[in-house]
Every structure is written in C-alpha cells, then in structure tokens.
Amino acid sequence: MFQLHCPHCGATREEEEFSYAGEAYIARPANPEEASDAEWGDYLFMRKNTRGWFWEQWQHTAGCRKVFVVKRHTASYQIAGSWTLAEGKAHYLKESEA
Amino acid sequence: MSAYRVHRNSQRIDSQSPLKFTFDGKQMQGFAGDTLASALIANGVKLIGRSFKYGRPRGIIGHGSEEPNALIQLETGAYTVPDLKATQVELYHGLSATTTTGFPSLHFDLKGMAGTFARFMPPGFYYKTFMGPVKAAWPLYEKMIRMAAGYGRAPVEADPEYYDHLHHHVDVLVVGGGACGLWAATLAGRAGLKTLLVDEQNEAGGWMLSDASARIDGKPAMQWVNERLAELDSLGNVTVLRRTTAFALHEQNLVQALELCQDHLPIGSRNPGQPRQRLHKIRAHHVVLAAGAIERPLVYGNNDRPGVMTAAAGQTYLNRYGVAVGRNVLLMTHNDAAYDAARDLAEAGSRVTLIDTRLRGAADWRQQQAKQAGVELMLGYGIAQVHGKTAVSGAQLVQLDPFTNTVRGKGPRLSADSILSSGGLTSTVHLFCHNTGRPYWKEESLSFVVPDEGRQGISCAGAITGRWELSSALAQTHAATSAMLAGFGRSTHGDCPQGDEHEVAATRRLFRVPDGLAEGHGAKAFVDFQNDVSAADIHLAVRENYRSIEHVKRYTALGFGTDQGKLSNVNGFAIAAEALGKPISAVGTTTYRPAYTPVTFGALAGSHKADTFEPRRYTAMQASHLKRGALFETVGQWMRPWYFPQGKETMHQAVDRECLATRNSVGVMDASTLGKIDVKGPDAREFLNRIYSNAWSKLDPGKCRYGLMLDENGMVMDDGVTACIADDHFHMTTTTGGAARVLNWLERWHQTEWPELQVRFTSTTDHWSTTAVVGPKSRAVLQKLCSDIDLSAENFKFMDWREGTVAGVPAKVFRISFSGELAYEINVDACYGHYIWEQVMAAGDEFGITPYGTETMHVLRAEKGFIIVGQDTDGSMTPMDLAMGWAVGMKKPFSFLGKRSLSRSDTVRSDRKQLVGLYTEDPKVVLTEGAQILSTPDATPPAAMQGHVTSSYHSAFLGRSIAMAVLKGGSQRSGDTVYVWAQGKMHPAKVVSSVFVDQEGVRQHA
Ligand SMILES: [Zn+2]
C-alpha cells in the first residue's frame, strides 16, 4: 500500500496504478541459441530473492505504461527512489561495483 | 442486584434522557451517554456469556475495546451485527441485543453443566485431535463442538445500509484524543499544519473521562480537554473525527480508520443518505501515536467469574456512567493508580476493601485519601481464588511473601459482590508495530512500549511510551511534538501543560498471583478469557517444548480472539517467560497485525460492491442483443451474448439451432470484445517477429495471419489474428480477456530489451466494432451491403482483408474464420457498430440469418479443433503440445520469445500432455470439462492420471458429442481407447484428431 513515483509522469501515485514487473536488469542473453540449458534456466528461473535493498521493475500500467526501476527495501518497504531504466542502470551498476 | 446508579459530577450520561432497550428480550432502561455495557451493569446483568471452551459463565470485564467476554448480537434481520463488544456499543432508544454464546441457552449450558469438553480440550486441542489417536472420533465431536463453539450469527439478508471511503492527505495525523493526543494536535494546529485527529470514543478525553480527580494546569482535566476541543474547532486547519478507530498503519504512513457514523442512532432515525460507517484512508506526512494504554488484570484463581473486572473498568463505570459496580467491592492491586478507583467507589457509597499485594502499599497521600474515603486497606495480601459461580460471592485471600512471588500464609475469606484488579497498564503499541516496528520491554513500566523518539515519520506521545503519570506523559508529548514541528520547520506555540505531580510508590512486579499450589492444581486462573487460556495452559505449552512465544500463542490460542489479547498478552508473555526461565524482554511479543479492532466487510468494501464492484463493458451492439433476447456471460469485464433463446428453448436447443443455421446458411456474432492493438512504426514488423512465434517478414499489406504468442518458457500465452495494414502498420487482435495483459507485455519487452526498435502500441479495442458474418451464405449477405469490395473467392481469399464501405460506412473487412466456415469480420468505427449489425441482420433476413453467442462460438471452434487459450491451455502447453508447430517459425533470424525454451529437455519430452480429440463410445455422453483420463477402466486410487478433458460439447452438426483433451503422449495415441471418469462413471473414449469437421479446410476457403 505504498506510493510510487513515476519518473516519466513526474507524479507520485498509489500502488494500485502500477504493476510489479520483477527483478530489474536481468538481461536477456544476446544469443539464446548458444546458451546451455543451465544458462538459459538461470535466466528464466533464478532470482535473487533479496531481503534488503532490491532493484525492481514497476510498470505504470494505469498511467503512462512506462517501465521504470525502483530501489525498495523488501523487509521495511522503504523506497530509496525511482528512475527511468537508463538512469537507474547507472546507479545500479555503481552499487554493484561497490 | 448489586450494581446501582449513583450520581457523579463527572458523569457523561444524561439522567434526564432515559432510553429503553431490550436484552435477551427483557425490557431495560439506560440513559443517553451509556454504553450497552454500562446500562446492563446498572440493570444488574452479570452473566453475559459462556466461555468458548469450558462453558464457564462470564460477565463484563472491561470498558472498551479490550473487552473479551461481552460479545453480543445487536439487532435482528438485515440490521443484525454479530459479536460486538457491549462495552463499545453506544446505547440508543429501542436497541435490542442478545447474548451470543451458550448452547442451548445462556443459563443452561451443556458445556458448563457437564464440563464434558474440558477434558477433551487441552491446549492444542485441534492439533492433537487431527494428529493423534482421537482422530477417528472426530466426526462424533465435530457437530457438537461446532454448535457449541460459535459466537454470533452472521446476517443472511442484504445489508440495507451503505458504506463509503474517504481519502485524506494531511501533514499530521494524531491517533488518540486523550490529553496527550489533544495537546499534540493543538501544537500542530497552532503551527498551521493540516492536522487530523481521530479518536475511538464518542467524545474525546480518553482516560480523563474516567479519572474525575485529574487536573491539568491547575483546573479539572475535562475543563482543559473542552478548552482544547474548542480551540481545535476554531482552527480551520484541524479536523477532529470522533467514533473513529485507526485500525491499521501501513507503508509510508497510510493509516486506515473506521468511523462509526450512524451506529449510535436508533435504526429508524438513521439518515439513509449518509453511510452507516466510513473508512478513512489517511496518508500522513507524519503520524503522532497517542493511543494510550489499557489496564490489564492480575491473574488469579477463578478470575473469570461474572462480577470480576479491571479496576479501570470499575472506575470508568462509576465516574463516566454513574454506575457503581458493587455494594461490597474487593480491589486487588500491585500499583498506586488503582487506589483512585477504590477511593472513588468508597466516596460513592460502596464498601471497598483494597487488597494491596505490596506490604507497604501506595505512597502515603494515596493511602490517606483512600482511608478518608472509607476504604479498608489490606497490605501484603492477594486473592487466591474467587468464590461464586454465576456471580461473585467473595474471595479467599492469601498472605504474600513480600520479596518473592510466593505465599507466606493463609488469609481471610471475604465476601463481595464485585472484585476488581489492577495488574498495571499495557501500552497500546499496535499501530507502531503493524508495519515492521517492534516494541521493547520497559521494566520500570512493566510493559512493552514504543520508543520515546518514535521512528521516521512517526512520533509517539504519552502512555504509549510507558509514562503512566499525566505530568510526565504530557511533558514527553510536548517534547516529541516540538521535535516533530522542528522537522516541519515550524515552531512550538505554547508551554507544556502541567499535570499534578504525585509521589508514587514502586509497583510490585507481579502477573500471576500465587495461591500456594503448583500451577494447574488450584482454581483455574485465566489469562485469555475469550479463548479460555489459563496460566496452567501456558505452563503446559512450555512443558511440551514450545519455546517461541509465537508457537505458544498458536498452541494455546492466546490472544487469538476479537479482543486480540489486549488484556491478556502481556500477562501471557510474562507467565511464559517465567516458565521458560527467561527474561520477558528475551521472550518478546507476538506479531501485531491489523486490524486493531474488528472492521466490517461493508466498510472495507465501501462502494465497491454490486454494480460498482467491477465495471461492466458493453459493446455498441448491446441494444440489438437485448432486443433479440440474448442471455449474457461475463468475459473479462465484457458482457457478451451467451446464446439467443427463442420461445421456450433450452440452452442446448438454442445452441443446436444456432450452430446448424451457421453451418448450413449464415450466422452472425458480435466479435467486438476481442482485444485490438494498433502496432505502428518502421520496426513494427521486426517487433512482431520477436514477440510472435510465427514469421511476419513476408506478410503483405492486405493479408492477415494467425499468431501465437509464447512466454519465455515457450508456453502459449495468447493468440489472435494480426492484419498487415501497411508495411509499418499492423492491426493486432488478442483474446478478449488478454488484451490488457498483452499490451503490457509488448510495452515491457519493447522498453526493457529492444528500446532501439521504433514501434508504438495503441489499444484500439473500444475503437472498433466487429460483426462476424459466418457461414456459406455470408458472401451473399455481404454482397447486398457492399459494392466497392470485390468479394469473389478469387480476389478476396481466406486470410485477406479489404478496405471499403459496408452499408455506406467505412469498413475494414477481414476474411478470417473462427468456425471453419466462409466468414467475414466487418470492422467499423464503434459509433457505427449498432447500425452495421442491424444492416447485416436485415440483409441476412432472406437467408434466415441467426445471431449467436459465445456458446455456439465455442462449439463451432471446437468442431474445428481451434484452441481457446486459457481453456485448452493452462500455461504449460507449447505450440508442439497443441500440434501447432506450423505456427512456429524456427528459421526466423531473431530468437523470438520462447524459442530457446522449446528445446529444453523438459519441452522436448515425448510424453508431455498433448492436445487430442476424444470420441466417447456412447455418442450421447458429453464429458465433463476437467474430467480426468485414465488408461484402464479398472484403475483404483491412487491411479496415474493420463490427462484431462479441456473442452466438451454436443455437436448438432455431427449428431454426437465431441471433446478436446490433453493426454500424455497424445500425438502418438490416435486410435487408442482411454477412460474418462465423469459424472460418477468411467466412460470409454477413442483418441481421434482434434479436427472433427472439414479436416481439409474446404469450407473456410469456399
Ligand atoms: Zn507514469
């Protein structure tokens, strides 16, 4: 029952306007045909299931339909921020390196 | 009759306004301002229920939401409300209430009389019954227990009243209208913040309503309260909601609060234009929790007898409602505060004996006050057990060891008609803990409390932090609120209000009053009254090795009731801690979850019910369908014609007629509800190649193609026909129910993986009306309406589409078929939908054109073996499982969604369930959809299931039943006989092709 900020609309709206769209930045293998069954299975099924700060995708399904990323704490439901996919990726990569 | 009315200057009832009401059919009288509980007590009612497990007689214990026993059924018929706490029901003229517990009657109780069930119902009763050796006997008990265990009865008639929701966005929400909450709201209001204060009671004041002697800033506390209320009223930026309980706190300070708008009014005087209750959804920048504290009783033998109450209840009934709870009162305490109750009762004329478990008793001034009022003090004693069964008659005292919680010697036996006890206060920490917060044990307050500093976005004020003295509670409130205001960049206007400073003696650390016997050997000492959990039960749970308090709770049912353990939890945790040999801080609390108090379903639903529960969507042809007598079914949110019965036709007869008319001449169906998405852009074609399993590179403008959409697991998720409008423009259709899902799916893949593709999606479902003209005469019908499209078989082929005019209306005509017949789908601007439908009906009249609905559509498509995604598939079917490998373009250069998964070890298994047709041996048998398929007729359970029936109909065209099914290795089992368990019988059936009609496709190409 939280509110999310859509970086595309520039508006903070109730969760009901959005749809959860899974863990962020799981890239589709560039050459699926060359992926082994295990690699393809990883891409399809394996998720982090993080307890703590987590990068996830949300889609503004009852608004602009854009997909964006949210950094949310899965236990406290605190939200650190929302970014467009491109902006968020820079933050995400910086954190992953750290 | 031991309780009686007295006049108190502090009383909030209006003795000039008597109100008549009935309880269990008996006429009684109370006064405006009474609760049902105060009026019942004044009328001498002591026995109000029977306990859940043992059938023990029970009376009113508390005075508010903490009440565990006094659950009543209010009113009858459509207005009835079950399990209200009598302590929270405001009395109104004509109120009628009945008891809810006690089978067959309150005064003759089977459980109570025989005590039969007690033996069978130790802690963990249900667990042991289902798991243990008694299992076989369960059916014998079940019926009796179910009858005996029930509380109130849910209404069976439609609710005649309505409910609504109101959303608030405020700077500050203050929860609790006691002295501390009022002061926090005052400071926030003076600072100019948009402030909302909610309070559970019919009037603000909190404990000040009960404590007649409290003073703030040198004047009576209620005078100060009224000044605050008047000031808040005068401030335009402050709203005060009474009778409004904040029952849940969620993420980002969303608080839900239930306002009882009209429950306090006689049913006949309620305004039908106003809601009965209103659910407030409050999003607050900052929440101030000033929810106060609730007094808990001590735990002692037979402490559940009617006439036993908390000291706070005794004081409240006296000072607020003008009801003295007894003429001969025993009051046991381990703290100073309860002396006030004893003093007030004695002043009002009751004979009061104060049993202080402490050898030295309270601070001198309190002892003096009590003695002056006529209270008899007994220091260093405790109550070992209460006497009396359906009403208190007295108590056996013991002398307590002053240092350890043990018995030092015998005490006197005293007579009494009312017994009160005070085991200290328990902070109302619930809301703080609903959203991940945890309380901590504050030893000097003997309570789990919330931190003084609150947490991000939440301030805690007053007794909720474990401050029991008014002066220190107000000081802490002032400091916490000032800190909050500083956070808003505002200053504090006003000095901290001063409560009287009192000297207070130390509290005795006591929860379970010892009776000199080992736990379980003396009289039952109850911790949780609603669930009949005794101190011995908690010890037993620990002996049976339940270590976590969460497990002890579930095993004993401690705190499970509608009171949510408001009286019982801390006592229960303390007793468990002792049994476990751990400090109570290490035992902790169970998890606090919403709702703080019960909330009606009506309030939660608000206006989201009946017609406004979910929107209904109608096509432009709705009036035509109604005129022709259609019956409807809901598909997604759409109301689709189901079938069009004529005269007294059954559905079966109507569908047979519609099917035959369509196959033999011409039928017409409203296909407007299919999802439609306009896909446009230079890369539209490439995008389709990636999102569909088929190839789209060679589809020219003017052509259509059936497409299968797979998820990344290779499973079919949607299907539909897509038309190429121009090289960079496609008209995609989806299943009726899948339109929104598919649009989001397209957006997600485009935005996350292929943002470089230049393509846009627009939902056009509502823009087009689609009339499907189906059957051998469909060309003839269309020819009458359309002169600018060459409809000849050579020039307008199957899977072509043409632009032109139909009946003068611009139209896109698709020659596609979901029935296997020659068919055209006329798409026009939705504004013309109704007109075109009627034009088609008129033009088809000479051919006996027959409108049909979804049922006939299903039969026609099943006769052709066309799947319905979601009926013949369930998210675990690949195109190969459906024998639709022809719709998979394995040679496409880009690895389309789901392609790689089609070669995983699991998807290439040959024994996967695959789509087949079934012919039952008896052509009249229509199998049940969902029926399981077996290999042999004489299988006994557990037998391996071979698959199940997905679609099954009677085909009038074939004169027999047909079925589609998914069957393990089905593609290799043509000609096999399988056995289908349906309607209580085994039906032999032959595996056949799932295309039952026109396998060569001659008809649709006509
Ligand atoms: Zn948006």
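Donors of a metal are N, O and S atoms within 2.8 Å of the metal (3.2 Å for Na, K and Ca); water is not among the atoms, so sites may look incomplete. In this predicted model, the zinc ion has as its protein donors A:Cys6 (SG), A:Cys9 (SG), A:His60 (ND1) and A:Cys64 (SG), which lie 2.0 to 2.3 Å from the metal. The angles among the four donor atoms run from 104 to 116°, and the site is tetrahedral; four donors earn that label if all angles lie between 85 and 135 degrees. Along the chain, the donors follow the spacing C-x2-C-x50-H-x3-C. A:Cys9 belongs to the loop between β1 (3–6) and β2 (11–14) of chain A, and A:His60 to the loop between β4 (53–59) and β5 (67–73) of chain A, so this pair ties together parts that are 51 residues apart in sequence.

The conventions are as follows. Residues are numbered from 1 along each chain as its sequence is written, and chains are lettered from A and ligands numbered from 1 in the order in which they are written. Local features need pLDDT of at least 70, side-chain atom pairs count only at pLDDT 80 or more, and totals for chains, interfaces and linings use all residues, while side-chain values use heavy atoms, with hydrogens and water left out.

Chain A contains two helices and six strands, where helices (H or I, at least four residues) and strands (E, at least two) are DSSP runs numbered from the N terminus. Their order along the sequence is β-β-β-α-β-β-β-α. The C-alpha trace of chain A spans about 40 × 30 × 25 Å along its principal axes.

The interface comes next. Contact (heavy atoms within 4.5 Å) involves 33 residues of chain B and 28 residues of chain A. The area buried between the two chains is about 2,500 Å², with carbon and sulfur atoms giving 44% of that area; buried area is the accessible area (1.4 Å probe) that two parts lose on being put together, summed over both. B:Glu251, B:Gln751 and B:Arg900 supply 25% of the area that chain B buries against chain A, more than any other three residues.

B:Arg900 also takes part in a salt bridge, its side chain meeting that of A:Asp37 at 2.7 Å, N to O. Such a bridge requires a side-chain nitrogen of Lys or Arg within 4 Å of a carboxyl oxygen of Asp or Glu. The rule finds four salt bridges across the interface of chain B and chain A, and 51 over all chains. On the side of chain B that touches chain A, the elements giving two or more residues are β15 (254–260), α21 (739–752) and β40 (760–763) of chain B. The largest share, seven residues, comes from α21(B).

Within chain B, the side chains of B:Arg358 and B:Asp336 form a salt bridge (2.7 Å, N to O). This pair links distant parts of the chain, 22 residues apart: B:Arg358 is in the loop between β21 (351–356) and α10 (364–373) of chain B, and B:Asp336 in the loop between β20 (328–333) and α9 (339–347) of chain B.

Some backbone features of chain B remain. A cis peptide bond joins B:Pro594 and B:Ala595, with omega about 5°, and B:Ala595 is placed in the loop between α16 (584–587) and α17 (601–605) of chain B. The peptide bond from B:Pro941 to B:Pro942 is also cis, with omega near -5°.

Notes: Tetrahedral: all angles 85-135°; square planar, octahedral: opposite > 155°, others 65-115°.
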